[in-house]
Amino acid sequence: MQQLNFPAYTFRFKNSENKVHIFDSIRKKFVQLQPEEWVRQHVVAFLLNEKKYPVSLINVEKELKINSLKKRYDVLIFQPDGNIHLIVECKAPNVKISQHTFDQIARYNLSLKATYLMVTNGLEHYYCQMDYENEKYIFLKDIPSYML
């Protein structure tokens, strides 16, 4: 797999039916290693190791409904009170981050109401803080680390 713009992390792998699988510490299972999954696992490691978010507040690849359409978010972090702190949209490294990507995460956020958004293809990372009062997002250099 391609080197990404994250610190180096150690992952568990296994081969099954001629396919490589990577262990997802949040879902507690091996999942097939695809380019987007490679990015997602780096994001999770980044959030756990660098930003110090507790495993108990992180959710990966869950379904949500938007206008009766079933969608799946990549990574979501809850606040201890149950509100949503951060949504992360992951793309494969060969997918260019575009306005379409931001539109996708903005649609998810219409129902989720996160404080922060992160969009990444593993090479480029974009961080935003939501300004609901003025209906816009403010680009940031980074997302905050976990604070009690």
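Two people talk through the aromatic pairs, burial and strands of a predicted model.

Biologist: What makes Tyr 53 and Tyr 146 an aromatic pair, and how many such pairs does the count give?

Modeller: Two rings pair if their centres lie within 6.5 Å. The centres of Tyr 53 and Tyr 146 are 5.6 Å apart, so the two rings pair. The count comes to ten aromatic pairs.

Biologist: Why is the pair of Tyr 53 and Tyr 146 called edge-to-face?

Modeller: Look at the planes. They stand at 65°. Planes over 60 degrees apart count as edge-to-face, so Tyr 53 and Tyr 146 earn that label.

Biologist: Where do Tyr 53 and Tyr 146 sit in the chain?

Modeller: Tyr 53 is in the loop between helix H1 (35-49) and strand E4 (58-66). Tyr 146 is in the segment after strand E9 (136-140). They are 93 residues apart, and the pair links distant parts of the chain.

Biologist: Is Tyr 53 buried or exposed, and how do you know?

Modeller: Its relative accessible area is 4%. Buried means under 20%, so Tyr 53 is buried.

Biologist: What kind of pair do Phe 102 and Tyr 126 form?

Modeller: Edge-to-face: the planes of Phe 102 and Tyr 126 are 70° apart, with 5.7 Å from centre to centre. Phe 102 lies in helix H2 (residues 99-112) and Tyr 126 in strand E8 (residues 125-131). They are 24 residues apart.

Biologist: Why do Phe 102 and Tyr 126 get their burial labels?

Modeller: Phe 102 has a relative accessible area of 9%. That is under 20%, so Phe 102 is buried. Tyr 126 has 27%. That falls between 20% and 50%, so Tyr 126 is partly exposed.

Biologist: What about Gln 104 in helix H2: why is it called buried?

Modeller: Its relative accessibility is 13%. The limit is 20%, so Gln 104 counts as buried. Gln 104 touches Glu 89 and Lys 91, leaving aside residues up to four places away in sequence.

Biologist: How do you know that E8 and E9 pair?

Modeller: Pairing needs at least two bridges. Five bridges join E8 to E9, so the strands pair, and they run antiparallel. Met 130 has Tyr 137 in E9 as its bridge partner.

Biologist: Which residue in the hairpin of E8 and E9 takes a positive phi?

Modeller: Glu 135, with phi near 50°. The hairpin has four residues between the strands.

Technical notes. Residues are numbered from 1 along each chain as its sequence is written. This is a predicted model: local features need pLDDT of at least 70, side-chain atom pairs count only at pLDDT 80 or more; totals for chains, interfaces and linings use all residues. Side-chain values use heavy atoms; hydrogens and water are left out. Rings of Phe, Tyr and Trp (its six-membered ring) pair if their centres lie within 6.5 Å; planes under 30 degrees apart count as stacked, over 60 as edge-to-face and the rest as tilted. Helices (H or I, at least four residues) and strands (E, at least two) are DSSP runs, numbered from the N terminus. Buried means under 20% relative accessible area, exposed over 50%, partly exposed in between (1.4 Å probe, protein chains only). Contact means heavy atoms within 4.5 Å.
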